[in-house]
Structure formats: structure tokens, C-alpha cells
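Hi everyone, thanks for making time this morning. I'd like to walk you through one model, so let me put it up on the screen.

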Amino acid sequence: MPPPRKIDLLPSEMRHWLQDELKARGFSDYEDVTEALNFRLEDAGLEMRIGKSAVHAYGQEFRDYAKMQEQAQDEIRAFLEEASLQDEVDVTSALFQQLTTIQWRLQMAMVNPDQLPDPRGLKDLTTALNNLIRSTSLRDEIAKAERDAMARKLDEAVEAGDVEKEAAQKAREIMGFV
């Protein structure tokens with residue numbers, strides 16, 4: 001197995017800074033990004049220096065990854081909005097983003113036929129899939145809370161004299177609250 005790339009050895013705060021900087025600069029201006037990164041590394045007391053070609057290669061990979069993330073978020077958001085599950089959009093979107101991240105990492109690891117996926121990555125993918133499956137129970141809880149809120153509103157309307165008791169009961173039957 002080949003040694004890890006220097007850029008993959010960056011501390012997480014440096015990697016996050018690099019990702020933000022690449023996005024902010026529109027995935028261009030690699031010479032200045034590289035210079036700023038190396039300055040930050042030196043300022044942090046790290047002996048490592050990263051070359052422009054390494055930053056460029058990483059930037060291209062990250063750009064593709066960011067584009068896939070954005071597409072995945074847009075697709076799941078559109079699907080859930082069409083399905084009238086707006087309250088679940090944020091949770092499912094986060095879980096879907098987690099899945100796409102893990103899937104992308106596994107794909108990148110498998111580009112080289114000599115590299116097998118890291119078993120921890122497969123475990124992460126399995127965990128993310130389980131979380132997505134569990135989000136179904138969250139949707140059920142949200143739907144129950146909404147039904148309970150509607151039932152309370154019907155009760156309040158009956159007590160206030162805005163709706164007759166028989167009409168409220170009929171509404172409960174129609175909405176499936178009984």
C-alpha cells in the first residue's frame with residue numbers, strides 16, 4: 001500500500017481551512033492557496049510543506065466531492081418536498097450527506113485496483129445506512145406530533161364553541177385520528 005499523501009496528513013483544522021479556502025476562491029488560484037497553506041503550516045509550527053500540484057489535485061478531488069454533495073442535497077430535498085415531508089428534510093438530508101461522503105471516500109480508495117476499501121469506511125457506510133433507516137421512525141414521531149396538535153386544536157375549537165362536537169368527531173375519523 002502506498003504511503004499516504006502529505007495533504008492527507010494535514011491536521012483536520014488545516015484541512016477544513018483548505019476546503020473553505022478552495023470554495024471561497026472558486027477552486028482556482030492554487031498558487032496563492034498553496035502559499036497561504038504553507039504559511040499557516042509554518043505559523044502552526046508544523047514542519048510539513050505542501051506543493052502546488054498536491055493542492056491542485058486535492059482541490060480537484062474536493063471540487064468533485066462538493067459538487068456531488070450539492071447534487072445529492074438538491075435531489076433529496078426535491079424528493080422530500082414533493083413527498084410533503086418538509087419536517088424531515090433536514091434530518092434526512094444530513095444523513096444522506098453522510099452517506100454520500102462515505103460512499104465518495106470508498107470510491108476514491110478503490111480508484112487504484114491495488115487498494116482495498118478501509119473496513120472502517122465500510123462500517124461507517126453501514127452505520128450511516130442504519131441511521132437513515134432509523135430516520136423513518138423519526139418521521140413517524142413527527143407525523144404523530146402533528147396529528148396530536150391537530151386533535152388538540154379540534155378539542156379547543158369544540159370547547160370554544162367554534163365547532164360542534166359531532167363535526168369534530170367526523171373530522172377525526174376523516175383524518176384517521178380515531
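I'll go through a helix, then the nonpolar core, then one asparagine. Please keep in mind that this is a predicted model.

Let's begin with helix H1, residues 12–24. Does the helix length add up, and what should we expect for its span? At 1.5 Å a residue, the 13 residues of H1 should span 18 Å, and the end C-alpha atoms are 18 Å apart, so the two agree. As for what H1 tucks away, its buried residues are Met14, Trp17, Leu18, Gln19, Glu21 and Leu22. After H1 comes Gly26, with a positive phi near 65°.

Now, the core. The largest nonpolar core is made of 18 residues. Inside it, the residues with the most contacts are Ile7, Leu10, Leu18, Leu22, Leu37, Ile50 and Val55. Helices H1, H2 and H3 are the elements that each contribute two or more residues, and H3, which runs over 52–82, gives the most, with five. As general background, nonpolar side chains in soluble globular proteins tend to be buried together.

Let me pick out Leu37 for a moment. Beyond its neighbours within four places in sequence, Leu37 is in contact with Leu10, Trp17, Leu18, Ile50 and Val55.

Finally, the asparagine. Asn38 sits in helix H2, residues 30–43. Is Asn38 buried or exposed? Its relative accessibility is 14%, so Asn38 counts as buried. Setting aside neighbours within four places in sequence, Asn38 is in contact with Met48, Arg49 and Ile50.

That's my tour, and I'm happy to take questions.

Technical notes. Residues numbered from 1 in each chain as written. Predicted model: local features only at pLDDT ≥ 70, side-chain atom pairs only at ≥ 80, totals over all residues. Heavy atoms only, no water. Helix = DSSP H or I, 4+ residues; strand = E, 2+ residues; numbered from the N terminus. Buried < 20%, exposed > 50% of the residue type's maximum accessible area, 1.4 Å probe, protein only. Contact = heavy atoms within 4.5 Å. Core = buried A, V, L, I, M, F, W, Y, C linked by side-chain atoms within 4.5 Å. Expected span 1.5 Å × (residues − 1).
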